[in-house]
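I opened this entry to record what I looked up, starting with burial and going on to helices, cores, cavities and backbone oddities.

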Amino acid sequence: MPSDDFKTYLGQKVSLIDGHLDAHLPSDLTSPSKIHEAMRYSVFAGGKRLRPILALAAAEACGGSEEAALFPACATELLHTYSLVHDDLPAMDDDDLRRGRPTSHVVFGEALAILAGDALQAEAFHFVAQTPPATSFTVADYLKEFAVCAGSLKLIGGQVLDLEGEGEDTLLSHDELIAIHERKTAALLTTSIRLGAMTADATAGQLDALTTFGYNLGLAFQVIDDILDVTADTATLGKTAGKDEAVNKSTYPAILGLEESRQEAKRLTDLSLAALEPFGEKAAHLSQIAHYLLDREY
């Protein structure tokens with residue numbers, strides 16, 4: 001169980017991130033109001049804000065400031081939310097529930113949900129563009145880092161591989177499953193961490209260590225996500241439980257079994273924590289986040 005101090009830390013960061021998003025996204029009164037209502041509906045649906053919190057914690061680990069990291073941190077949340085809106089569409093994963101609420105296309109219709117996702121992706125780049133340059137990194141460096149993550153080599157490519165895998169009669173191999181999730185879950189977590197570190201003028205060595213941390217943490221997060229789809233209920237998850245198994249989707253429990261999947265999540269978490277050793281106490285919050293994600297129940 002996370003300590004009271006860590007729960008307080010998470011709560012403070014969520015409030016900070018939500019306040020920044022609220023202040024810098026168009027209000028739902030801005031014309032055309034319906035698109036801004038749809039965008040805000042998904043952004044403020046009560047997510048954990050994991051990716052932006054990781055960005056802030058990475059900046060802290062490298063001796064940077066929260067203020068400098070806030071725009072790219074929030075950009076990762078917008079990119080994540082856009083990906084969820086599109087993933088939930090009938091042409092993709094076809095989900096009616098997300099974060100305990102009806103999905104965007106259920107509330108606003110498919111056309112507006114597609115446009116809301118498009119607009120959130122554009123806003124994400126707008127947020128990155130407002131990041132203050134560091135001594136060693138320019139705004140162009142931030143944008144390039146972000147664009148690679150958002151494009152066909154990472155997030156989009158991972159979704160394509162995921163869709164192709166669903167059409168197979170047999171389960172994917174473990175390596176094929178990793179190829180999907182290192183492009184999706186791990187890529188965005190790693191990019192969040194790297195962007196936060198870049199705003200703090202991270203050295204090449206620090207970026208390498210944090211990249212290793214983010215990659216392994218991202219894969220561990222996905223393993224736990226797949227386990228929870230089997231072991232938790234819909235009310236706890238805030239999305240439809242058991243859906244992966246119902247459609248014969250390739251997941252870690254389906255391929256490795258539940259117990260081996262738990263061992264894999266622990267192994268990956270241990271690898272992520274080992275990468276933080278050079279940072280010492282400056283990475284305390286990153287370490288706490290890794291432990292928290294391994295033990296999470298939703």
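I take a residue as buried when its relative accessible area is under 20%. The model is predicted.

**Helix α10.** With that cut-off I checked α10 and found it mostly covered, with 15 of its 15 residues buried. I then compared its length with the ideal: 15 residues at 1.5 Å a residue should span 21 Å, and the end C-alpha atoms are 22 Å apart, which agrees. Just after α10, D201 takes a positive phi of about 60°.

**D201 and A134.** I followed D201 further. D201 sits in the loop between α10 and α11, and its positive phi occurs in a residue other than glycine. I noted D201 as partly exposed, because its relative accessibility is 28%. D201 is also one of the contacts of A134, together with Y142, M198 and T199, when neighbours within four places in sequence are left aside. A134 itself belongs to the loop between α6 (110–129) and α7 (139–150). Is A134 buried or exposed? At 17% relative accessibility, A134 counts as buried. I also took the C-alpha to C-alpha distance from A134 to L153: 26 Å in space, for 19 residues in sequence.

**Helix α3.** Next I looked at α3, residues 50–61. Its 12 residues reach 16 Å from first C-alpha to last, close to the 16 Å expected at 1.5 Å a residue. Since 11 of the 12 residues are buried, α3 is largely enclosed by the rest of the structure. The buried set includes R51 and P52 as well as L50, I53 and L54. What covers the buried residues? I listed α1 (4–24), α4 (66–87), α10 (185–199), α11 (204–231) and α16 (284–294) among the covering elements. Just after α3, G63 has a positive phi of about 80°.

**Cores.** Which residues touch the most other members of the largest nonpolar core? Of its 68 residues, I found L54, L210, F213 and L286 in that position. I looked up the contacts of L54 outside its neighbours within four places in sequence, and they are L189, I193, F213, L217, L286 and I289. A second, separate core has 16 residues, including I178, I224, L237 and A265.

**Helix α15.** A265 led me to α15, where A265 is among the buried residues, with S261, E264, L268, T269, S272 and L273. These buried residues pack against α9 (174–181), α11, α14 (252–256) and α16. For the length of α15 (residues 258–274), 17 residues at 1.5 Å a residue should span 24 Å, and the end C-alpha atoms are 25 Å apart, which agrees. I picked out S272, which is found in this helix. S272 counts as buried because its relative accessible area is 0%. Not counting residues up to four places away in sequence, S272 touches F213, N216, L217 and A290.

**Cavities.** Rolling a probe the size of a water molecule over the atoms shows where empty space is left. How many cavities of 30 Å³ or more does a search of the whole structure find? I noted 2.

The largest cavity has a volume of about 100 Å³. Its lining has 13 residues, and S42, A45, D88, R98 and S104 lie nearest its centre. I asked which elements each supply at least two lining residues, and they are α2 (33–43), α4 and β2 (101–102). α4 gives the most, with 3 residues. By class, I recorded 5 nonpolar, 4 polar and 4 charged residues in this lining.

The second largest cavity holds about 40 Å³ of space. I listed its lining as D162, G165, E166, L172, L177, I180, H181, K249 and S250. The elements that give two or more residues to this lining are α8 (155–166) and α9. Its classes come to 3 nonpolar, 3 polar and 3 charged residues.

**Backbone.** Last, I looked at two further loops. The peptide bond from S31 to P32 is cis, with omega near -5°, and P32 is placed in the loop between α1 and α2. R99 has a phi near 55°, a positive value in a residue other than glycine. I located R99 in the loop between β1 (97–98) and β2.

Key. Residues are numbered from 1 along each chain as its sequence is written. This is a predicted model: local features need pLDDT of at least 70, side-chain atom pairs count only at pLDDT 80 or more; totals for chains, interfaces and linings use all residues. Side-chain values use heavy atoms; hydrogens and water are left out. Helices (H or I, at least four residues) and strands (E, at least two) are DSSP runs, numbered from the N terminus. The expected span of a helix is 1.5 Å times one less than its number of residues. Buried means under 20% relative accessible area, exposed over 50%, partly exposed in between (1.4 Å probe, protein chains only). Contact means heavy atoms within 4.5 Å. A nonpolar core is a set of buried Ala, Val, Leu, Ile, Met, Phe, Trp, Tyr and Cys residues joined through side-chain atoms within 4.5 Å. On a 1 Å grid over the protein atoms alone, a cavity is a set of points where a 1.4 Å probe fits but cannot get out, and a pocket is an open set with protein on both sides within 12 Å along at least five of seven lines; lining residues have an atom within 4 Å of a point. Grid points are joined across faces, edges and corners, and a volume is the space filled by probe spheres set on the points. Ala, Val, Leu, Ile, Met, Phe, Trp, Tyr, Cys and Pro count as nonpolar, Asp, Glu, Lys and Arg as charged, and the others, Gly among them, as polar.
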